[in-house]
Amino acid sequence: MNCELLYVVWNPSEIMFHIGSFGIRWYSMCWLVGLLLGYLLMQRLFKEQKIPDEKFEPLFLYIFIAILVGARLGHCLFYQPDYFLSSWDHVIEMIVPMHHMPDGSWKFVGYEGLASHGGVIGMIIAILLYARNMKMNVWTVLDNFGLVSCVTATFIRLGNLMNSEIIGKVTDVPWAFIFERVDQYPRHPGQLYEAIAYTIFFFIIFAAYRRHPQRVGTGYFFGLCLTLIFIARFAIEYTKDIQVDFESGMLLDMGQLLSIPFILIGIATMVGGKWMEKLGAKPHQQ
């Protein structure tokens with residue numbers, strides 16, 4: 001059987017639809033859908049746990065800004081510091097979705113580069129600030145995010161797939177994608193691998209929650225989410241092509257190096273959560 005017959009030739013338009021002359025990108029829409037689903041699931045969890053609505057309302061703004069800023073700064077500082085820290089113009093490009101052109105003008109390009117590790121760091125900082133300002137149990141908030149984050153992560157990776165970015169290594173597996181925007185070689189669809197993994201993890205974590213709802217507030221579900229996501233991320237990185245030149249020749253790429261601390265934190269938090277449960281923690285008290 002000729003495996004080439006099964007290759008997926010992939011070259012969708014980056015634009016989902018236009019509003020006048022302004023194009024709405026698939027990537028942006030995937031981010032928005034992922035955040036919206038996370039928002040709705042979190043709202044449901046807060047109601048189930050009888051947390052007052054007024055404590056939920058500010059949460060989305062905290063998280064939306066923190067994930068966007070964290071993901072953007074993460075990409076710029078982890079993957080392209082030589083460019084973004086080389087001049088004040090490039091520092092500005094870290095913050096605003098514009099590119100300084102050779103003729104001195106500024107062109108709107110959107111945020112070309114968002115790193116998931118940076119987004120997670122931003123999210124955690126935002127949760128700490130939110131919990132302090134709203135006088136919430138921070139572990140309850142973190143656990144609830146552990147329950148919903150895989151949904152958002154799934155759609156972010158689907159956005160990467162629509163953008164033909166974070167592509168895999170050349171391969172001859174029959175389900176390979178030919179990313180025509182990049183080249184004509186069949187490659188691992190690493191973005192799709194991650195999206196599938198995160199979807200499976202969502203159902204695993206939610207099933208664990210339905211079986212052990214008393215663990216919310218101990219840190220267990222937050223730790224489970226971190227552990228599963230970043231173990232998968234570490235493993236799937238072996239199928240991906242390098243994202244920046246300095247990764248060439250490295251034993252572990254930047255994505256794997258950044259995943260290791262999150263895996264360790266996740267395991268430690270899960271273990272701590274089980275100990276809190278055994279010691280009779282009161283997880284739902286705010």
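Visitor: Is Phe46 buried or exposed in this structure?
Guide: The model is a predicted one. Phe46 has a relative accessibility of 2%. The cut-off for a buried residue is under 20%, so Phe46 counts as buried.

Visitor: Which residue forms an edge-to-face aromatic pair with Phe46?
Guide: The structure holds 15 aromatic pairs. In one of them, the ring centre of Phe46 is 5.3 Å from that of its partner, with 65° between the planes. Planes over 60 degrees apart count as edge-to-face, and the partner of Phe46 in this pair is Phe56.

Visitor: How many residues apart are Phe46 and Phe56?
Guide: Phe46 sits in helix 1 (residues 26-48), while Phe56 belongs to helix 2 (residues 53-56). Phe56 is buried too, at 6% relative accessible area. The pair links distant parts of the chain, and the two residues are 10 residues apart.

Visitor: What is the angle between the ring planes of Phe206 and Tyr209?
Guide: Both residues are buried. They are 3 residues apart in helix 8 (residues 190-211), which means a separation of about one helical turn. Their ring centres are 5.6 Å apart, and the pair is edge-to-face because the planes stand at 75°.

Visitor: Which residue lies over the face of Tyr220?
Guide: Tyr220 is part of one aromatic cluster, whose members include Phe206 and Tyr209. At 4.5 Å from the ring centre of Tyr220, over its face, lies Arg215.

Visitor: What is the N to O distance in the salt bridge between Lys47 and Asp53?
Guide: Side chains of opposite charge can pair when their charged atoms come close. Lys47 is partly exposed at 48% relative accessibility, and Asp53 is partly exposed at 42%. Asp53 is found in helix 2. The side chains of Lys47 and Asp53 meet with an N to O distance of 3.5 Å.

Visitor: Which residue forms a salt bridge with Arg187?
Guide: The structure holds 11 salt bridges. In the one made by Arg187, both partners are buried. The closest N and O atoms are 2.6 Å apart, and the partner of Arg187 is Asp183.

Visitor: How many residues apart are Lys240 and Glu194?
Guide: The side chains of these two residues meet in a salt bridge of 2.3 Å, N to O. Lys240 is in the loop between helix 9 (220-236) and helix 10 (254-278), and Glu194 is in helix 8. Salt bridges that share partners place both in one network, together with Arg157, Arg233 and Glu237. Along the chain, Lys240 and Glu194 are 46 residues apart.

Visitor: Which strands stand at the edges of the open sheet?
Guide: The sheet has 3 strands in the order 1-6-7, and the pairing is mixed. Strand 1 and strand 6 (residues 177-179) run parallel, joined by 3 bridges. A strand with a single partner has one side left without a neighbour in the sheet, so the edges are strand 1 (8-10) and strand 7 (186-187).

Visitor: Which residue in the turn between strand 2 and strand 3 has a positive phi?
Guide: Strand 2 (residues 15-19) and strand 3 (residues 22-25) pair in the antiparallel sense over 4 bridges. Ile15 stands opposite Arg25. The two strands form a hairpin with 2 residues between them, and the residue with a phi of about 65° is Gly20.

Visitor: What is the area of the nonpolar surface patch that includes Ile65?
Guide: Ile65 is found in helix 3 (residues 59-79). With 45% relative accessibility, Ile65 counts as partly exposed. Ile65 joins Leu61, Val69, Leu73, Leu77 and Leu85 in a patch of about 520 Å².

How values were computed. Residues numbered from 1 in each chain as written. Predicted model: local features only at pLDDT ≥ 70, side-chain atom pairs only at ≥ 80, totals over all residues. Heavy atoms only, no water. Patch = residues over 30% accessible without salt bridge, like charges linked within 9 Å, V, L, I, M, F, W, Y side chains within 5 Å. Areas by Shrake-Rupley, 256 points an atom, 1.4 Å probe, with all protein chains shown as cover. Salt bridge = Lys/Arg side-chain N within 4 Å of Asp/Glu carboxyl O. Buried < 20%, exposed > 50% of the residue type's maximum accessible area, 1.4 Å probe, protein only. Pairing = 2+ DSSP bridges. Phe/Tyr/Trp six-rings, centres within 6.5 Å; stacked < 30°, edge-to-face > 60°. Lys NZ or Arg CZ within 6 Å of the ring centre and 35° of its normal.
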